[in-house]
Amino acid sequence: MRIALIGNGAMGQLVAAEANAAGDEVATVVTSKERDLNANQLADKLRGHDVAIDFSVGEAVLRTVEACARAGVPLVEGTTGWKADEQTARQIVTEHSGALVYGANFSVGVNLFYRIVERAAELFASVESYAPFIEEAHHMRKRDAPSGTALQLRELLAKHLGPDIPTASTRAGYIPGTHRVGFDSEGDQILLMHTARSRTGFASGALLAAHWIIGRTGVFQFSEVIDDVVKL
């Protein structure tokens, strides 16, 4: 698999290392110094690759989506902080018969955690004495708060428990990522928690999605990749 990697930060470097270890080729790296490229210029740079993987910045996502769609290169979008642009991104991909897989979190463990949390929400919806809440913590350089993962957890809870889910965020030190979902009552408290020990799991999940998206068209969430893998 010939990969174009967009973003040379910590996550980009992890993806490159994991790809090389798996026998894939990182043929091109689009660095932060090239952030001024427009969509057509970036498309020229991306043509001929099997897939692109983006871990850059949220404000550049629409440009990246358009460039990949124009170049005919499937995109794995691992950047967060662009939820307001999601509908526009879908329209771009559809207009060009492109392929995009995105997710708030590319950790396989987190995506299984989503399923556990949603099932718990279904159970707690049948009783009135438990109040749900979310707590999340990340390293000091993470820009968006709440995290994309916390927002996804909130959506899952809201399906069954209503929209008012208190969500607290912490940004400090070098925390890779911790998410807690709680159900609190006067008599007891139940906690569900996912803790990332490193960011390697995110890189592995992005590569899993990259192999999966090749040959497909359309817009997919990473949860659909996990559904397919679990089913197989």
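## Reading two sheets, two cores and a cavity

Modeller: Helix α8, residues 222–231, lies across β5 and β10, and runs at about 80° to β10. Keep in mind that this is a predicted model.

Biologist: Which other helix lies across β5 and β10?

Modeller: Helix α4, residues 86–95, lies across them too. Its direction makes about 150° with β5, which spans 99–102.

Biologist: How do I read the sheet under these helices? What is the order of its strands?

Modeller: Start with the general idea. Strands in a sheet are joined by backbone hydrogen bonds, in a parallel or an antiparallel way. Here 6 strands make an open sheet, ordered β2-β1-β3-β4-β5-β10, and the pairing is parallel.

Biologist: Which strands are at the edges?

Modeller: β2 (25–30) and β10 (218–221) are the edge strands. Each pairs on one side only. From one strand to the next, the twist averages 20°.

Biologist: Let me look at one pair. Over how many bridges do β3 and β4 pair?

Modeller: Over 3 bridges, in the parallel sense. β3 covers residues 51–54 and β4 covers residues 75–77. Find Ile53, then look to β4: its bridge partner there is Val76.

Biologist: There is another sheet. What is its strand order, and how is it paired?

Modeller: The order is β7-β6-β8-β9, an open sheet of 4 strands with mixed pairing.

Biologist: Why is one side of β7 and of β9 left without a neighbour in the sheet?

Modeller: Because β7 (167–171) and β9 (189–195) stand at the edges, and each has a single partner strand. The twist in this sheet averages 15° from one strand to the next.

Biologist: In which sense do β8 and β9 pair?

Modeller: Antiparallel, over 7 bridges, with β8 spanning residues 178–184. Arg180 stands opposite Met193 of β9. Helix α5, residues 108–124, packs on this sheet and touches β8 and β9. Its direction makes about 165° with that of β9.

Biologist: Which strands does helix α6 lie across?

Modeller: β6 (131–138), β7 and β8. Helix α6 takes in residues 148–161 and runs at about 25° to β8.

Biologist: Now the interior. How many residues are in the largest nonpolar core?

Modeller: The general idea comes before the count. In soluble globular proteins, nonpolar side chains tend to be buried together. The largest nonpolar core here has 26 residues. Val15, Ile53, Val76, Val101 and Ile213 have the most contacts inside it.

Biologist: Which elements each supply at least two residues of this core?

Modeller: β1 (2–6), α1 (10–22), β3, β5, α7 (200–213) and α8. The largest share, 8 residues, comes from α7.

Biologist: What does Val101 touch, leaving out residues up to four places away in sequence?

Modeller: Its contacts include Leu75, Val76, Phe106, Ala209, Ile213, Phe220 and Val225. Glu77 and Gln221 are also among them.

Biologist: How many residues are in the second core?

Modeller: That separate core has 22 residues, including Ala4, Ala71, Trp82 and Tyr102.

Biologist: Last, the empty space. How many cavities of 30 Å³ or more does a search of the whole structure find?

Modeller: The search finds 1. The largest cavity holds about 40 Å³ of space.

Biologist: Which residues line the largest cavity?

Modeller: Val65, Cys68, Ala69, Val73, Leu75, Val93, Gly98, Ala99 and Leu100. α3 (61–71) and β5 each supply at least two residues of the lining. The largest share, 3 residues, comes from α3.

Technical notes. Residues are numbered from 1 along each chain as its sequence is written. This is a predicted model: local features need pLDDT of at least 70, side-chain atom pairs count only at pLDDT 80 or more; totals for chains, interfaces and linings use all residues. Side-chain values use heavy atoms; hydrogens and water are left out. Two strands pair if DSSP finds at least two bridges between them. Axes are lines fitted to C-alpha atoms, for helices over the stretch in contact, and angles run from 0 to 180 degrees between N-to-C directions. Contact means heavy atoms within 4.5 Å. A nonpolar core is a set of buried Ala, Val, Leu, Ile, Met, Phe, Trp, Tyr and Cys residues joined through side-chain atoms within 4.5 Å. Buried means under 20% relative accessible area, exposed over 50%, partly exposed in between (1.4 Å probe, protein chains only). On a 1 Å grid over the protein atoms alone, a cavity is a set of points where a 1.4 Å probe fits but cannot get out, and a pocket is an open set with protein on both sides within 12 Å along at least five of seven lines; lining residues have an atom within 4 Å of a point. Grid points are joined across faces, edges and corners, and a volume is the space filled by probe spheres set on the points.
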